[in-house]
Amino acid sequence: MIDGPYFWLTVLGVLGTGLVAGVFCAFSTFVMRGLGALPPAQGVAAMKAINVAAVTPPFMAVFLGSAVLCAVIAVVTFVLWPEEGTAELLVGSALYLFGSFGLTMVANVPRNDTLAGLEPGTSEAAAYWSAYLREWTLWNHVRTVASAGAALAYVLALT
C-alpha cells in the first residue's frame, strides 16, 4: 500500500480531480441545458460571464493545482515505481492531464475565446451559439469522464 507523503499526494489527487469532475458534471447535466433554453443573446451573455468568473483564483487553484499535482504524482511514480498502484497512478495522471486539462486547452478554451469576441445580440453570435452549445458540451462530457476516471484510478491505487 502507498504510504507517507506519497499517500497524501494521492489523496489530494483524488480530491482535486473529483472536485473538477463535479464542476464539469454540473455543466454537462444542467448548466448548459439551462443556458441553451435561453434566447441566444441571453445564453451568450450568461456564458461569457461564466467564462470570466471561471478564471478567478478559487476555481483555477483547483483546476490548475490538480494538473500540477497529477504531474507530480506521475513523476514520483516513475521515479519510485511502487510495487502496487503504479498503473493506476499513471492512468489517473494521464486521464487528468490529457483528458481534462489538455482537452480544456485545445477544445473548450478556443470556443470560449471565440464566444468572448462576439456581441450577444448579433446574428453572428446567435449563429455561433448553437454550434458552441453542441461542441462545447460534447467536449465537456469527455472532460467529465476523464476527471472522474482520474479520481477513480487514484482511489484504486490507494486500495
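Helices (H or I, at least four residues) and strands (E, at least two) are DSSP runs, numbered from the N terminus. The model treated here is predicted: local features need pLDDT of at least 70, side-chain atom pairs count only at pLDDT 80 or more, and totals for chains, interfaces and linings use all residues. Residues are numbered from 1 along each chain as its sequence is written, and side-chain values use heavy atoms, with hydrogens and water left out.

**Exercise 1. State where Ser-93 lies and which residues it contacts beyond its neighbours within four places in sequence.**

Solution.
1. Ser-93 belongs to helix H4, which runs over residues 86–116.
2. Burial is assigned from relative accessible area: buried is under 20%, exposed is over 50%, and partly exposed is in between (1.4 Å probe, protein chains only). The value for Ser-93 is 1%, so this residue is buried.
3. A contact requires heavy atoms within 4.5 Å. With neighbours within four places in sequence set aside, Ser-93 touches Cys-70, Ile-73, Ala-74 and Tyr-154.

**Exercise 2. Determine how many disulfides the model has.**

Solution.
1. The criterion is a pair of cysteine sulfur atoms within 2.5 Å.
2. For Cys-25, the closest cysteine sulfur is that of Cys-70, and because the separation is 18 Å, the two are too far apart for a bond.
3. Cys-70 is likewise in no disulfide, its nearest cysteine sulfur being that of Cys-25, 18 Å away.
4. The count is therefore zero disulfides.
5. As to surroundings, Cys-25 is partly exposed at 34% relative accessible area, whereas Cys-70 is buried at 0%. Cys-70 is also one of the contacts of Ser-93.

**Exercise 3. Locate Trp-81 and comment on the sign of its phi angle.**

Solution.
1. Trp-81 sits in the loop between helix H3 (57–80) and helix H4 (86–116).
2. Its phi is near 40°, a positive value in a residue other than glycine.
3. Most residues other than glycine have a negative phi.
4. Trp-81 has a relative accessible area of 49% and is partly exposed.

**Exercise 4. Describe the secondary structure of the spans that UniProt lists as "transmembrane region".**

Solution.
1. The unreviewed UniProt entry lists residues 6–31, 52–81 and 87–107 under this name; positions are given in the numbering used here, feature names are shortened, and annotations may be inferred rather than shown by experiment.
2. Residues 6–31 are 100% helix and 0% strand, with end C-alpha atoms 36 Å apart.
3. Residues 87–107 are also 100% helix and 0% strand, and their end C-alpha atoms are 27 Å apart.
4. Gly-22 is found in helix H1 (residues 4–36) and is partly exposed at 40% relative accessibility. Its C-alpha lies 21 Å from that of Leu-158, a residue 136 places away in sequence.

**Exercise 5. Summarise the chain as a whole.**

Solution.
1. The chain has five helices and zero strands, in the order α-α-α-α-α along the sequence.
2. Its C-alpha atoms fill a box of roughly 60 × 25 × 20 Å along the principal axes.
3. Of the 159 residues, 40% count as buried.
4. Among contacts between residues at least 6 apart in sequence, 80% join residues at least 24 apart.
5. By the Shrake-Rupley method with a 1.4 Å probe (for residues, only the protein chains shown count as cover), the chain exposes about 8,000 Å², of which carbon and sulfur atoms supply 75%.
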